[in-house]
Amino acid sequence: NEKLGKKIFITGKGRCNITNASEIEDLFSAVISNPKFLYSGFYSFTNDQVIHFFEELGVATKIERGNRVFPVSDHSSDVIAALAREMQHLKVKVQLHCEVKELLINNEREIKGVRLANGKKMTAVVVATGGISYPSTGSTGDGYRFARNCGHKVTELFPSLVPMEVKEWYAKELQGLSLKNIEIHITDGKKKLYDEFGEMLFTHFGVSGPLILSASAHMRHFDKKQYRLEIDLKPALSEEQLYDRITRDFALLANHAAQGALVKLLPSSMQPVMVARWGIDPATKANQITREQKR
């Protein structure tokens, strides 16, 4: 890359979610496959140590919902600058615009160094390539190629932490709509894959946002399966409480047509979509809506 920290710069919507302040044991439940692999890493340099490390470098931190830790400044550039200062302090030599072409491996398949695109060789290296998630930041998939050349088996790759396409027509009608304090349920047939409370948004192709990105990590077969997403817009209410709420709204808005009767219940862009899905005549007045239709 032409500069340091391109991937860090875009993390957390440009704010950089440094770590999570939950108990370490709680963090393992967020690891979808083989959490034991991370035990030594998590306990060798704990989340508390990460926070202390950045505080010592002058990056004040704060804890937000879900115990997510961010810089007080809300600028990922402050995290990059702190890391750059520490590298300079430790006399780490940085070479930008410098592509690693291949690993140098001996007959015993031991890594002895790397060869750069310009032909130069370097020894005593740590190879940390990232995956293939965001090629423009440098994650171009070289790591998988290097691993194969070392004799490692590389398993099939799956997308993770990604937005999702929705086949129904109304997703596009709702593009730009952000939903907060909702609950989503993802199922694969009868198998429940994911339940969580939080935020999401609709896009021109489907759905995105924190909840959706997290849910996608539990869905490994996009090419073979279609999953079902259910959105609970009022998770704090029971079915009976919601029915009573609708009944009160409709009584207050008795002379409004169906869509107008939903103004207290739903975001404006969702109202016509919900009436269409509801399947009743849009001209139906609120005081004409039957008990069954309210159900």
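This is a short talk through the cores, the strands and a few single residues of one protein chain.

Hi everyone, and thanks for coming. Before we start, please keep in mind that this is a predicted model.

Let's begin on the inside. The largest nonpolar core has 32 residues, and those that touch the most other members are L179, I184, I186, M200, F202, F250 and M270. Which elements feed this core with at least two residues each? They are the helices α7 (170-173), α8 (210-216), α9 (239-252) and α10, together with the strands β8 (178-188) and β9 (191-202). There is also a second, separate core of 8 residues, with V50, F54, V79 and A82 among its members.

Let me stay with two residues of the main core. If you click on L179 and ignore its neighbours within four places in sequence, you will find contacts to G198, E199, M200 and F202, then to I231 and L233, and finally to P267 and M270.

M200 is the other one, and it sits in strand β9. Is M200 buried or exposed? With a relative accessible area of 1%, M200 is buried, given that the cut-off for buried is under 20%. Beyond four places in sequence, M200 touches L177, S178, L179, I182 and I184 on one stretch of the chain, and V207, S208, G209, I212 and I231 further along. One distance to look at here is from M200 to L211: these two are 11 residues apart along the chain, and their C-alpha atoms are separated by 5.7 Å.

Now to α10, which spans 270-278. Its buried residues include M270, Q271, V273 and V275. What do the buried residues of α10 pack against? Their partners are α7, β8 and β9. Right after the helix comes G279, with a positive phi of about 85 degrees.

Carry on along the chain and you reach T284, in the loop that links α10 to α11 (291-294). This threonine is in a loop, yet T284 is buried at 15% relative accessible area. Leaving out residues up to four places away, T284 touches H256, A257, A258 and I289.

Next, the strands. There is an open sheet of 3 strands, ordered β1-β3-β2 and paired antiparallel. Why do β1 and β2 each have a side without a neighbour in the sheet? Both stand at the edges and have a single partner strand, so one side of each is left free of a neighbour there. The pairing of β2 with β3 (residues 68-71) is antiparallel and runs over 4 bridges. If you want one pair to look for, T61 has P71 in β3 as its bridge partner.

Then we come to β4, β5 and β6. Strands β4 and β5 (residues 111-116) run antiparallel and are joined by 5 bridges; one bridge to find is L104 with G113 in β5. These two strands form a hairpin with 5 residues between them, and R109 in that turn has a positive phi of about 55 degrees. From β5 the pairing goes on to β6 (residues 121-122), again antiparallel, over 2 bridges. Here R115 is partnered with K121 in β6. How many residues lie between β5 and β6 in their hairpin? There are 4, and G119 in the turn has a positive phi of about 95 degrees.

As a reminder, most residues other than glycine have a negative phi. With that in mind, take a look at two lysines. K13, in the loop between α1 (6-10) and β1 (19-20), has a positive phi near 55 degrees. K91, in the loop between α5 and β4, has a positive phi of about 60 degrees. Are these lysines buried or exposed? K13 is exposed at 76% relative accessibility, and K91 is exposed as well, at 74%.

The last stop is on the surface. L4, L90, V92, V94 and L96 make a nonpolar surface patch of about 400 Å². One of them, V94, lies in the loop between α5 (76-89) and β4 (100-105). At 38% relative accessibility, V94 counts as partly exposed.

That's my tour. Thanks for listening, and I'm happy to take questions.

Definitions and conventions
Residues are numbered from 1 along each chain as its sequence is written. This is a predicted model: local features need pLDDT of at least 70, side-chain atom pairs count only at pLDDT 80 or more; totals for chains, interfaces and linings use all residues. Side-chain values use heavy atoms; hydrogens and water are left out. Buried means under 20% relative accessible area, exposed over 50%, partly exposed in between (1.4 Å probe, protein chains only). Contact means heavy atoms within 4.5 Å. A nonpolar core is a set of buried Ala, Val, Leu, Ile, Met, Phe, Trp, Tyr and Cys residues joined through side-chain atoms within 4.5 Å. Patches are made of residues with over 30% relative accessible area and no salt bridge: like charges are joined within 9 Å, nonpolar side chains (Val, Leu, Ile, Met, Phe, Trp, Tyr) within 5 Å. Accessible areas come from the Shrake-Rupley method with a 1.4 Å probe; for residues, only the protein chains shown count as cover. A salt bridge is a side-chain nitrogen of Lys or Arg within 4 Å of a carboxyl oxygen of Asp or Glu. Two strands pair if DSSP finds at least two bridges between them.
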